[in-house]
Amino acid sequence: MPKKYALALLVASILALPATMGQDSKEIRLDPATGMKMTGDWELTKAHCIACHSPQTFLRQRGTLNNWKSIIAWMEEKGGLPKLGEEIKNRILAYLSQNYAPGEEYRRAPIPATLMPENPYISETRKQFEANRR
Ligand code: HEC
């Protein structure tokens, strides 16, 4: 190969490098069936969290570890979710809080329920739960 071409090839591959690196390291693929990010304990989470409602119920949520803890506690108490073992619960919490944390897409943390206007569509169960928590 003439030197000129070899050099052009080298320059081209160096220029292309950042693009390919970005793809490999950052992009987490989504499960085509559920839309869940396929990383960490996603399969464990899927196994425990899509029996009663669509995965969208939690995929559209963003929360800190504590937000997710309280969601799962509420579900155990009121949603009929059988108590999860500590280890499984912690792994699911880690998956949710690492992959569905408040971040770029949703810049602020969720507003505490006590500061929100009354929700006209709230269920009776939820209403009682909120009332007991105050
Ligand atoms: C046994 C059934 C059941 C299972 C299993 C279950 N949920 Fe739920 N979940 C519910 C019910 C019932 C609701 C309330 C639906 C409503 O308010 O319309 C709910 C609501 C939710 C909500 C919305 C809460 C809100 O503030 O509106 C989230 C988020 C959620 N579930 C996440 C999860 C996650 C994460 C898991 C796995 C750990 C899970 N669910 C497993 C029954 C379940």
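1. In this predicted model, the helix that gives the most residues to the shell around the ligand is α4, which supplies 3 of them. The elements that give two or more residues to that shell are α2 (42–49), α3 (56–59), α4 (65–78) and α5 (86–99), and it may help a new reader to find these four stretches in the structure before going on.

2. The shell around the ligand holds 18 residues, and those that come nearest to the ligand are C49, C52, F58, G79 and G80. When the residues of this shell are sorted by class, 10 are nonpolar, 7 are polar and 1 is charged.

3. Two packed helices are described by the angle between their axes and the distance between the axes. For α2 and α5, the angle is about 110° and the axes lie 9 Å apart. Angles of 65 to 115 degrees count as roughly perpendicular, and α2 and α5 are therefore roughly perpendicular to each other.

4. Which residues of α2 meet α5? On the side of α2 they are W42, L44, T45 and H48, and on the side of α5 their partners are I88, R91, I92, Y95 and L96. The residues of this contact between α2 and α5 comprise 6 nonpolar, 2 polar and 1 charged.

5. The second pair to look at is α4 with α5, whose axes are also described by an angle, here about 130°, and by a separation of 9 Å. That angle makes α4 oblique to α5, and the crossing in which α4 passes α5 is right-handed. From α4, the residues L65, W68, K69 and I72 take part in the contact, while α5 contributes K89, L93, L96 and S97. By class, the residues of the contact of α4 with α5 are 5 nonpolar, 1 polar and 2 charged. A detail worth checking by eye is L96 of α5, which belongs to the contact with α2 and also to the contact with α4.

6. Beyond the helices themselves, Y100 sits in the loop between α5 and α6 (124–133). Is Y100 buried or exposed? A residue counts as buried if 20 or more other C-beta atoms lie within 10 Å of its own, and because Y100 has 20 other C-beta atoms within 10 Å, Y100 is buried.

7. The surroundings of Y100 include parts of the chain from elsewhere in the sequence: leaving aside residues up to four places away, Y100 touches L59, Q61, R62 and G63. In addition, the C-alpha atoms of Y100 and K37 are separated by 9.3 Å, although these two residues are 63 residues apart along the chain.

Key:
Residues numbered from 1 in each chain as written. Predicted model: local features only at pLDDT ≥ 70, side-chain atom pairs only at ≥ 80, totals over all residues. Near = placed C-beta within 6 Å. Nonpolar A, V, L, I, M, F, W, Y, C, P; charged D, E, K, R; others polar. Axes fitted to C-alpha atoms, helices over the stretch in contact; angles between N-to-C directions. Parallel < 35°, antiparallel > 145°, perpendicular 65-115°, else oblique. Contact = placed C-beta atoms within 7 Å. Left-handed = near helix turned anticlockwise from the far one by under 90°. Buried ≥ 20, exposed ≤ 12 C-beta atoms within 10 Å, placed from the backbone.
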